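This report is meant for someone meeting the structure for the first time. It begins with a pair of charged side chains and then moves outward to the surface and the chain as a whole.

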Amino acid sequence: MIHRINAQLMDLNEDRLIVRAELSSKIDSLKALKHKILVDSYNEKLAELLPDQRALDDWDRF
């Protein structure tokens, strides 16, 4: 009986580790997507400015 419970606990722990790895991967993908969206949006706004208004270090306009 104890061996069966230990085996079930090991299976649950493996499942938990797999789910954690999958979630971590998805979170990293979402962070990368968020960064890409922010950069694309910033570049789009920057392109709308006149050349003399484009200060790449001026994030306050964004």
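In this predicted model, D40 and K36 are four residues apart in helix α1, so that about one helical turn separates them. Side chains of opposite charge can pair when their charged atoms come close. Here D40 forms a salt bridge with K36, and the closest N and O atoms of the two are 2.7 Å apart. A search of the whole structure finds one salt bridge.

The table lists the relative accessible area of three residues, including both partners of this salt bridge.

| Residue | Relative accessible area | Class |
|---|---|---|
| K36 | 47% | partly exposed |
| D40 | 37% | partly exposed |
| I5 | 38% | partly exposed |

The third residue in the table, I5, lies in helix α1, which spans residues 2–48. I5 also belongs to a nonpolar patch on the surface, which it forms with M1, L9 and L12, and these four residues together have about 440 Å² of accessible area. Because a patch takes in residues with over 30% relative accessible area, I5 at 38% meets that condition.

For the chain as a whole, the secondary structure comes to one helix and zero strands. The chain has 62 residues, of which 3% count as buried, and its accessible surface comes to about 6,000 Å², with 61% of that surface belonging to carbon and sulfur atoms.

Notes. Residues numbered from 1 in each chain as written. Predicted model: local features only at pLDDT ≥ 70, side-chain atom pairs only at ≥ 80, totals over all residues. Heavy atoms only, no water. Patch = residues over 30% accessible without salt bridge, like charges linked within 9 Å, V, L, I, M, F, W, Y side chains within 5 Å. Areas by Shrake-Rupley, 256 points an atom, 1.4 Å probe, with all protein chains shown as cover. Salt bridge = Lys/Arg side-chain N within 4 Å of Asp/Glu carboxyl O. Helix = DSSP H or I, 4+ residues; strand = E, 2+ residues; numbered from the N terminus. Buried < 20%, exposed > 50% of the residue type's maximum accessible area, 1.4 Å probe, protein only.
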